[in-house]
Amino acid sequence: MDPATTASLSGALPLPSVQGAAASYCVDPSSASVLPAVPPSVAEAEAARRGHEEEENAAIRLVHLLVTCANDIQAGYYAAATGNLAEARLALGTTVSTATGIGRVTSHFAAALGQRLSRASPSDSGAAPDAASWAEHAGELYRQFYEAGPYLKFAHFTANQAILDAFEGCDRVHVLDLAIMQGVQWPALIQSLSLRPGGPPALRITGIGPPPAAEGSRDELNEVGVRLTEFARAVNVPFSFCGVTRDTLHPIQAWMFELVPGEALAVNSICQLHRLLVDVDPNSVAAFFPSPIHAVLCWIASMQPRVFTVFEQEADHNKPALVERFTNALFYYGAVFDSMEAMSAHRRTNTTGGLGGEAYLQREIFDIVCGEGSGRAERHEPFNLWHGRLWRAGLAQTPLGPSAIRRAAGLLRSLCGAGYRVQEHGGFLTLAWHDRPLFTASVWRTNDVITRFFDLLIN
């Protein structure tokens, strides 16, 4: 790994020069007189420089140990991997702070490596997120991740604007949400529809969500429907809700949604499509059947939605080699964690939303590092790959233009401090932290030409 790049991940900043200090002043509050500021001594400045250099070197060493550990696991050298991980944990406990910066994100990657090693070395243990606990608290962690940064707010705002544009002039509208979670996206859409000149349309929302985590536990999907129904009633929008209970999108078919002729349809996917990617052996029977992602995209296209809104991580975590996706994920989540810390500093608070946001991301990190084959769900890929998949399924891109960029940039200004940016590439909108892309939003519709072409091939 390039040491300069690793140093940038650590968040180290250059020290200001103290040589030739000119007239600088401070105000003594007790006397209200202006006094010359006392510059630090040369010895103090040198000590500070050495301290920063030592921290930077320790961070570089820590990243090197973790990447080497991942490489050893990939090669099957478990004893060497255990030794490198032990040294990395020692660094995290002594020379690298886990409170902020690189120490904070690498602590999660070290725990994930420990969990992966525990399969080969039962004596080693990692603090793996408990699967049952995650399922029980998934909705709450999602809400806290929503509060921890602008990521989901950006997704919901961009998608809702595209849906409102697509529903213009329609009297009956239907939104299909592929993962409704706590339904936090939809009050804003309902409110906007209530203000439409001429009155609101009749709105139907179908939300897909998992069944209750355990017998007797809360039915969160039903609770979401109740909350949205009450909100729609309060703003006088004709409304109905239908919940579809499924753990995954793949077994679902279009007929399950009871589409009504003349009803304008919007399909919404927030960070869901990557979970449909799988490893397929070209020599296996599965290679002769449509992949889960292609099957789902095809039934979406077959419903001929007016708009299909897609939001995905702008990352490359679907490599077959552990060390490659480990390195990519370390830098990606390093940027996400940095941006979350900056958001917390901008608010001048350290809320539980930040901790819940970390817990939400920790599950993704463990999946990327520990999972292999069918056990790995977080298969994030860059959007240039998604473009081809969506097009082959019979969907055409609707470019997001300058007005969408201005509105999204205005949202970020209202929510965040400096550092967050909106970038436009080929009609997609990307949320970036400085120059590092984090998430990409795009809008699609049925491609009638491609759909007719495939109908001719089939018939």
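Start by selecting His-174, which sits in strand E3, residues 172-177. Keep in mind that this is a predicted model. Is His-174 buried or exposed? His-174 is buried, because its relative accessibility is 1%, and the cut-off for buried is under 20%.

Now show the side chains of Arg-204 and Thr-206. The side chain of His-174 makes a polar contact with that of Thr-206, at 2.8 Å. A second polar contact links the His-174 side chain to the side chain of Arg-204, at 3.2 Å. Widen the selection to what His-174 touches, leaving out residues up to four places away in sequence. Arg-204, Ile-205 and Thr-206 are among them. So are Phe-257 and Leu-259, along with Glu-263, Ala-264, Leu-265 and Ala-266. Phe-167 completes the list.

Next, the cysteines. Select Cys-170, which is buried with a relative accessible area of 8%. Then select Cys-271, buried with a relative accessible area of 8%. How many disulfides does the count give? The count comes to 0.

Move on to a helix pair. Colour helix H6, residues 151-166, and helix H7, residues 186-194. Their axes lie 10 Å apart and meet at an angle of about 35 degrees. The crossing of H6 past H7 is right-handed. Which residues make the contact? From H6, pick Asn-160, Ile-163 and Leu-164. From H7, pick Trp-186, Ala-188, Leu-189, Ser-192 and Leu-193. Sorted by class, this contact has 6 nonpolar residues, 2 polar ones and no charged ones.

Now a second pair. Select helix H4, residues 101-118, and helix H10, residues 322-347. Here the packing angle is about 145 degrees, with the axes 9 Å apart. H4 also passes its partner H10 in a right-handed crossing. On the H4 side, show Gly-101, Arg-104, Val-105, Thr-106, His-108, Phe-109, Leu-113 and Arg-116. On the H10 side, show Leu-322, Arg-325, Phe-326, Ala-329, Leu-330, Tyr-333, Gly-334, Phe-337, Asp-338 and Glu-341. The residues of this contact divide into 9 nonpolar, 4 polar and 5 charged.

Stay with H10 and step back to the loop between strand E7 (307-313) and H10, where His-317 is found. Why does His-317 count as buried? His-317 is buried because its relative accessible area is 0%, and buried means under 20%. Show its contacts, leaving aside neighbours within four places in sequence. They include Arg-325, Asn-328, Ala-329, Tyr-332 and Tyr-333. Add Ile-368, Arg-376, Glu-378, Arg-379 and His-380, which His-317 also contacts. Arg-325, Ala-329 and Tyr-333 should still be highlighted, as they belong to the H10 side of the contact with H4.

For a contrast, go to Glu-54 in helix H2, residues 42-75. Glu-54 is exposed, because its relative accessible area is 57%, and exposed means over 50%. Add Thr-95 and draw a line between the two C-alpha atoms. Glu-54 and Thr-95 are 41 residues apart in sequence, and their C-alpha atoms are 8.7 Å apart in space.

Finally, zoom out to the whole protein. How many helices and strands does the protein have? There are 14 helices and 11 strands. Of the 459 residues, 47% count as buried. Look at the contacts between residues at least 6 apart in sequence: 76% of them join residues at least 24 apart.

Methods
Residues numbered from 1 in each chain as written. Predicted model: local features only at pLDDT ≥ 70, side-chain atom pairs only at ≥ 80, totals over all residues. Heavy atoms only, no water. Helix = DSSP H or I, 4+ residues; strand = E, 2+ residues; numbered from the N terminus. Buried < 20%, exposed > 50% of the residue type's maximum accessible area, 1.4 Å probe, protein only. Polar contact = N/O pair within 3.5 Å; in protein donor to acceptor, adjacent residues only side chain to side chain. Contact = heavy atoms within 4.5 Å. Disulfide = S-S within 2.5 Å. Axes fitted to C-alpha atoms, helices over the stretch in contact; angles between N-to-C directions. Left-handed = near helix turned anticlockwise from the far one by under 90°. Nonpolar A, V, L, I, M, F, W, Y, C, P; charged D, E, K, R; others polar.
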